[in-house]
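Hi,

Here's the structure I said I'd pass on. Have a look at it first, then read my notes below.

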Amino acid sequence: MSQQGIGTRCVQAGYTPGNGEPRQIPIIQSTTFKYDTSEDMGKLFDLEASGYFYTRLQNPTNDHVAAKIAALEGGTAAMLTSSGQAANFFALFNICECGSHIVASSSIYGGTFNLIAVTMAKMGVTVTFVSPDCTEDELNAAFKDNTRAVFGETIANPALTVLDIEKFAKAAHSHGVPLIVDNTFPTPVNCRPIEWGADIVTHSTTKYMDGHGAAVGGVIVDSGKFDWMAHADKFPGLTQPDDSYHGIVYAEKFGKEGAFITKCTSQLMRDFGCIQSPQNAFILNLGLESLHVRMPKHVENGLAVAKFLQEQPQVKKVNYPGLESDPYYEIAKKYMPNGGCGVVSFELEGGRAAAESFMKKLKIAAIETHVADARTCCLNPATSTHRQMTDEQLEAAGIPAGLIRISCGLEDKEDLIADIANALK
Ligand SMILES: *Cc1c(COP(=O)(O)O)cnc(C)c1O
């Protein structure tokens, strides 16, 4: 399947019905699966045979959808999770433990920043944040003996910085650890980080992959390229016997291609249980079937809105990597020649008050804590998600009080621009 075009994979990968079977992926809304003998089921518990016994660990609907996303990203294995937060936590915690260290881009989603900097710190995992624009020397200096992973976002939410994937992959690999990339904003239609050296790719499927604001979800994809055995001392969870599975060594039994996802499913999903419901996986798949049709339209609308905003006297600054004036234009062109996403951020003259009155006047764009949806939505962090911060604190965090994030949907771009023009009056 992975030799086919990205559109064909969006529509068809992951599920091939047999003669007389349902054309659409069936929703297997069952917690459990029936066996004739205990021996049959025992083989599944020993990871000696593949099959289903309990939906917390695996479900056929989820597996079809995960296989489609693995094909889209060019990976060897994938698993769905209940949310993007769960995907990033599992991807990191699958190879980190108390005493481990992570190198992460400082320009990442607030929820992920909190997960790593606060919650994982309570588990004894430490982090060094680096600017995505750091030099190779600065990046290399962030590594420690106990570093186990490098993390970044292809296009960061909400800062819209672009990750130099090759630079981060090179540093990770020279220190014997994998690069994990959250590819939520561009989706595999616009960027496939594995082709540039990323080892593990994650997504909040809640965003463009679902694309209709209907189902919260996440996914982890393994490139199958990282050689755990070559760095066996760093990753004992993959390279030494697992006592909870009769001494299985994941990297030996499932190889580079399957070890990461098998361990993540059989340990973390078993113990934390952040499974995506089969119903949500079905909804996610409906979104995936049109992802390659929707993404170019999101990009077209994002670029049109960014260009319009740039010309308005009331607008102080526009952030959009597709604009030639954007500091990330060249790097975005390298990794995303067809454009990145439909999210634009901009700063109004007049700060918080101007932003508030502007957003009130919008008729098509709704005020929402969401992005990457078919319907255009916007948010002023200073009056919503970051309202506990003073103007000075906001400025220091790179989120000026007048900053507005607008996620351009699939409406006609002329209407979006007219809506914005009216609200700017
Ligand atoms: C939204 C988001 C997340 C978190 O995903 P949820 O599905 O909301 O848990 C993680 N990373 C990025 C880049 C996001 O935009």
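So, where does the ligand sit? It sits in the largest pocket. Keep in mind as you read that this is a predicted model.

Let's start with who lives around the ligand. There are 16 residues surrounding it, and the closest are N157, D182, S204, T206 and K207. If you sort that shell by class, you get 10 polar residues, three nonpolar ones and three charged ones. Helix α4, which runs over residues 84–93, gives the most to the shell, with three residues.

Next, the polar contacts. In the side chain of N157, an N or O atom is 2.8 Å from an oxygen atom of the ligand. S204 has a polar side-chain atom that also lies 2.8 Å from a ligand oxygen. With Q85, it's a polar backbone atom instead, and an oxygen atom of the ligand is 2.9 Å from it. As for how covered the ligand is, on its own it has 380 Å² of accessible area, and the protein covers 91% of that.

One more residue to find while you have the model open: S357. You'll see it in helix α15, residues 351–361. Is S357 buried, exposed or partly exposed? Its relative accessibility is 35%, so it counts as partly exposed, since that label goes to anything between the 20% limit for buried and the 50% limit for exposed. Now try picking out P193 as well: S357 and P193 are 164 residues apart along the chain, and their C-alpha atoms are separated by 39 Å.

Cheers

Terms used
Residues numbered from 1 in each chain as written. Predicted model: local features only at pLDDT ≥ 70, side-chain atom pairs only at ≥ 80, totals over all residues. Heavy atoms only, no water. Near = heavy atom within 4 Å. Polar contact = N/O pair within 3.5 Å; in protein donor to acceptor, adjacent residues only side chain to side chain. Areas by Shrake-Rupley, 256 points an atom, 1.4 Å probe, with all protein chains shown as cover. 1 Å grid on protein atoms, 1.4 Å probe; cavity = no way out; pocket = protein on both sides within 12 Å on 5 of 7 lines; lining within 4 Å. Sits in = over half its atoms within 2 Å of the grid points. Helix = DSSP H or I, 4+ residues; strand = E, 2+ residues; numbered from the N terminus. Nonpolar A, V, L, I, M, F, W, Y, C, P; charged D, E, K, R; others polar. Buried < 20%, exposed > 50% of the residue type's maximum accessible area, 1.4 Å probe, protein only.
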